[in-house]
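Open the model in your viewer and keep the sequence panel visible. The stops below are given in the order in which to select them.

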Amino acid sequence: MSPAPSLMNLRRRMWMKPTAELSDLADSGHDEPTSGIILVDKPSGVTSHDVVAAVRSGLGMRRVGHAGTLDPMATGLLVLGFGQATRLLTVIVGHDKTYRATMRLGLGTTTDDADGDLLPVRPGAAQGVDELTAQGLQDLIDRCFTGWIDQVPDAFSAIKVKGRRAYDLARAGQEVRLEPRRIRIASFCLLDFRRVDLPDQGARVVDADVEVTCSSGTYIRALARDLGERLDLGGHLTALRRIRVGPFDLEDSDLKSKVVGGHVVPHTYRNRQGQTIVRSRMVPDRDREGMLDGSLSLAQAARMSMPVLNLDADQAARVANGGFLDLPVAGPTAALAGPEDRQRLAAILVPGSRGGAKPDVVFHPGA
């Protein structure tokens, strides 16, 4: 008779389950989901990876990811998936997003946000600030920063250049050249306009509060930078908050009760070189049960994120084995199976090269 496994070994076995065994128990009638979407209101001062680490630890699960990075300075909505729901994130990350930000015009920084070092005040900047009006600023935004535009991403972005993150190269002092990207600004509205004297920096600036709705891949820091360049004043972000990712909205009354918040605390540890490191860590305001209770099931999140098709038993069986369906789909489409009151997400369908629909991602039912 073999000895009883230790708690650590049991945990290892749970974490090492193959993908096919990571079931969406919420959709299959069990009490506790092992797959779902968690909405987090990220606090300032931690990275998106820090938030993932906090939720991963809180849930006791390794398989946690996020849809769309937020800078450490930024706050707001971070959409996390756990279990099989991580495979939904590739669809969610492509949705348009809404941000509220404060853009400081009259001063630039090395990173185009408040975390960077200030650049020298440009000659004539104070006069330019005095001459700028709210209406003139909105007119410039409407003329040059609305609709389809080409944007050069920020040098301190997470874009990879020859296998390395741009921000790693920039921090190492290397020159970073990024190609322009086509983005769409659906709306860019000026909410408030105020002139501010900054005697410590020897500058007079305009702080412009704005709301921006834009396509995935838009850098709000780069908008502040480019707006400042158009005005020949310099510009950077002093505040950024994401309030919406596609259908997931922090101001939606039906979703507010599900949002996980948190606060930031210092975390001290020793690295492999024996150095003492202090960095920020997020502490969620909910325990494991609270996070799971507030999570959205695969089926719920899929219904919100894309068009839906209901499959019969034969179609569900065919999709489970990677088979094509003679059904018209125009883009990513959620294929739901099972009784109406207990539907589960069977697959994400995409158009086949010869027509019909093919399963791009298959979700396994409860084992």
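Over the ring of which residue does the charged end of Arg87 sit? Select Arg87 and Phe363: the charged end of Arg87 lies over the ring of Phe363, 5.5 Å from its centre. A charge counts as over a ring if NZ of Lys or CZ of Arg is within 6 Å of the ring centre and within 35 degrees of the ring normal.

Two notes before moving on. This is a predicted model, in which local features need pLDDT of at least 70 and side-chain atom pairs count only at pLDDT 80 or more, while totals for chains, interfaces and linings use all residues. Residues are numbered from 1 along each chain as its sequence is written, and side-chain values use heavy atoms, with hydrogens and water left out.

**Strand S1**

Select residues 36-42, which form strand S1. Strands (E, at least two residues) are DSSP runs, numbered from the N terminus. Six of the seven residues of S1 are buried, so the strand is largely enclosed by the rest of the structure. Buried means under 20% relative accessible area, exposed over 50%, and partly exposed in between (1.4 Å probe, protein chains only). Add residues 75-82, strand S3: seven bridges join S1 to S3, and the two run antiparallel. Strands pair if DSSP finds at least two bridges between them. To see one position in this pairing, pick Asp41, which stands opposite Leu77 in S3.

**Nonpolar cores**

Next, select Phe188 and Ile220, the residues with the most contacts inside the largest nonpolar core, which has 50 residues. Such a core is a set of buried Ala, Val, Leu, Ile, Met, Phe, Trp, Tyr and Cys residues joined through side-chain atoms within 4.5 Å. Apart from this core lies another, of 27 residues, including Leu250, Leu255, Ala334 and Leu336. Return to Phe188 and show its surroundings: leaving out residues up to four places away in sequence, Phe188 touches, among others, Met103, Ile141, Phe145, Val212 and Leu227. Contact means heavy atoms within 4.5 Å.

**Salt bridges**

How many salt bridges does a search of the whole structure find? The search finds 16, a salt bridge being a side-chain nitrogen of Lys or Arg within 4 Å of a carboxyl oxygen of Asp or Glu.

- Select Arg100 and Glu211, whose side chains meet in a salt bridge (2.6 Å, N to O). Arg100 is in strand S4 (residues 97-105) and Glu211 in strand S9 (residues 203-214), so the pair ties together parts that are 111 residues apart in sequence. Arg100 is partly exposed, at 31% relative accessible area, and Glu211 is partly exposed, at 24%.
- Select Arg182 and Asp150, where the closest N and O atoms of the salt bridge are 3.3 Å apart. Arg182 belongs to strand S8 (residues 181-198) and Asp150 to strand S5 (residues 147-151), 32 residues apart. Both Arg182 and Asp150 are exposed.
- Select Arg194 and Asp209, which form a salt bridge at 2.8 Å, N to O. This pair links S8 to S9, 15 residues apart.
- Select Asp71, Asp113 and Arg221, joined into one network by salt bridges that share partners.

**Val278**

Finish at Val278 in strand S13 (residues 276-284). Is Val278 buried or exposed? Val278 is exposed, with a relative accessible area of 56%. Setting aside neighbours within four places in sequence, Val278 is in contact with Pro266, His267 and Thr268. Measure from Val278 to Thr268, C-alpha to C-alpha: they are 4.4 Å apart in space and 10 residues apart in sequence.

Notes. Helix = DSSP H or I, 4+ residues; strand = E, 2+ residues; numbered from the N terminus.
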